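Me: I would like to learn how to read a few features of a protein model, going from strands to helices and then to empty space. Could we take them one at a time?

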Amino acid sequence: MEDSKRTVTCGALRAADVNKLVVLNGWVHRTRELGGLTFVLLRDRYGITQIVVGDKADESVKKAAASLKSEYCIAVKGRVAARSERDINPDMPTGEIEVEAEEIEVFTTADPLPFQIDEVRQKDGSIVLPNEDLRLTYRYLDLRRAPMQHHIILRSNVTFAVREYLTRQGFLEIETPTFIKSTPEGARDYLVPSRVHPGKFYSLPQSPQLYKQLLMVSGFDKYFQIARCYRDEDARGDRQPEFTQIDMELSFTNREEVLETTEGMMAYVFKKTLGYELPARFDRLSWDDAFDFYGTDKPDLRFGMKMQDAAFMAELADFNAFKAGAANADRNIERHKRSGLKALVVKNAADKYSRKMIEALEAKAKIYKAKGLAWLKVDANGKFEGGISKFYAGQEEKICAKLGAEKNDLILFVSDEKWQTACVALGAVRSQLGKDLKLYDPKDEFHFVWIVDFPYFAWNEDENKWETEHHMFTLPQKKYWPTLESDPGSVKGDLYDLVLNGYELASGSMRINDPALQERIFEIVGYSRERADKAFGFLVNAFKYGAPPHGGIAPGLDRLVMLMCHEESIHEVIAFPKNNLAASPMDECPSAVDEAQLRDLHIQCTECAEQEG
């Protein structure tokens, strides 16, 4: 072929292009022989076009077509022809036309494939995928699959939309360092040894937190960055050792502005990339109510079924398991002045759940430290049956009225001395019921909710001390400043999480900008002045030179795109992720390095030395 460069992509041709002479480049998706004709589906990231090699084609073209196999990379020159009415494929954007091949050039052939690029579907419509390590070993082939191409393209579009929106709002995109000082931020740091400073290490940033605060001190009042972050922690479906977040910070602001800016950005991104309209304002829940109603600070609100306080049940019968929960040993703490006896009414589920199925739900609750899962069924006559029904016979009308239960409902209970334990355990059951019963509202595809008014401190029983729920630079709500030291357990932080469909999508807060207030926080959590200066001295010193009030947030880009694609793992929206052992089967990373490199870095690998010895 004299000029094999494509003149059009494989997804562009339509009926209006009939009789045009075109050159297509792409991969052989599928071939078939039919009545002396050879059909080739040619694919690139834009779509698929059918190529036909007929009786009138040159022998060289017929021979070339006969040699084609899956994933050969080729060029085709030919004229666009209209398909007959009976041959039109309404499921293909290019289904009204085909290209009659006049020349075929094979750029490169392909070895037998380790798995099918053209996906295999089961009878129920589900896709049969190879195991993940095989997919990651041949990731460049896995990325050719249509769903993966869709996900990566959507990720690109989302990233562009974020940049577009924030730039229009006056934000500046500013890069922060990748090699930084190691500071205690919760997870383990990834460390990089310095060749020119023997025995010293850089750290890869867990987030740009300290640097974006320094940018506020520097006078850049609206910052954002598509930031790469690194945390040495165990991987799972929605975590990776390296990940990306949409990092934002604003000066001279308050919580309302941060939340409104984030809502506006999400609305813009969803409308532009998915054509999906989000509400102008997202729901809001206090941390207390999120746990009390849903058993988690990341509730899935695509279905209702709130948990209810059932302390009244302890007074209606001599059932000891309920009495401890109703008493609630944690009531000396302000946020726990709620009952540790929780109920969940599952509508129209009495006949759907056998005793064995309820035992499976109980096993779920016990994972989260529940002592058990009590239950009742309301039969067709409005009477209780099964479970603990013998303790509450004759009390049906009162209990059902109080809990809003009706005939054929299943009522579940968890009781614990600790309010939060009861909430978390029954909340896990609620989440499982949502999946089992498919309770999600199909019209409510993406449900955002803000969780606000978090407790600022948490008591560490193992170390017998207070520690911050988030990071130590979070601003306590102003009304609690006078009682920080005297009543840490009651302090609420000026912080907020954005939750989408049961996943924490973003976390943010207003920040401390007063060195004296920052020092009080350090003292409460047991950080000496010397330790604080060593870890964070450069930030605290910067606050001595006129630090503005500021705050920010950092939505996870990987997790956002994962949810937009209705996937359950961020592996599906990252081009080259690590597996669950934080390794890459494709390029065998991490890998050993030779001794010369280690000597340059003044490092000796003790495990290697022991093996050699």
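Reply: Gladly, and bear in mind throughout that this is a predicted model. We can begin with a strand pair: strand 14 and strand 15 (residues 341-346) pair in the antiparallel sense over two bridges, and within this pairing Asp309 stands opposite Lys342 in strand 15.

Me: In what order do the strands of the open sheet lie?

Reply: The open sheet has five strands in the order 14-15-18-16-17, with antiparallel pairing. Strand 14 (308-309) and strand 17 (384-385) each have a single partner strand and stand at the edges, so one side of each is left without a neighbour in the sheet.

Me: Which strands does helix 9 lie across?

Reply: Helix 9 (residues 320-327) lies across strand 15, strand 16 (374-378) and strand 18 (410-415), and it runs at about 65° to strand 18.

Me: How should I read the packing of helix 13 and helix 14?

Reply: Two packed helices are described by the angle between their axes and by the distance between those axes. Here the axes of helix 13 (residues 515-524) and helix 14 (residues 529-542) come within 12 Å and cross at roughly 145°, in a right-handed crossing. Pro515, Gln518, Glu519 and Phe522 of helix 13 make the contact with Arg529, Ala532, Phe536 and Val540 of helix 14, a set that divides into five nonpolar, one polar and two charged residues.

Me: Which residues line the second largest cavity?

Reply: Rolling a probe the size of a water molecule over the atoms shows where empty space is left. The structure holds two cavities of 30 Å³ or more, and the second largest, with about 30 Å³ of space, is lined by Leu136, Arg139, Phe576, Pro577, Ser584, Pro585 and Met586. This lining divides into five nonpolar residues, one polar and one charged.

How values were computed
Residues are numbered from 1 along each chain as its sequence is written. This is a predicted model: local features need pLDDT of at least 70, side-chain atom pairs count only at pLDDT 80 or more; totals for chains, interfaces and linings use all residues. Side-chain values use heavy atoms; hydrogens and water are left out. On a 1 Å grid over the protein atoms alone, a cavity is a set of points where a 1.4 Å probe fits but cannot get out, and a pocket is an open set with protein on both sides within 12 Å along at least five of seven lines; lining residues have an atom within 4 Å of a point. Grid points are joined across faces, edges and corners, and a volume is the space filled by probe spheres set on the points. Ala, Val, Leu, Ile, Met, Phe, Trp, Tyr, Cys and Pro count as nonpolar, Asp, Glu, Lys and Arg as charged, and the others, Gly among them, as polar. Axes are lines fitted to C-alpha atoms, for helices over the stretch in contact, and angles run from 0 to 180 degrees between N-to-C directions. Helices (H or I, at least four residues) and strands (E, at least two) are DSSP runs, numbered from the N terminus. A crossing is left-handed if the near helix is turned anticlockwise from the far one by less than a right angle, and right-handed if clockwise. Contact means heavy atoms within 4.5 Å. Two strands pair if DSSP finds at least two bridges between them.
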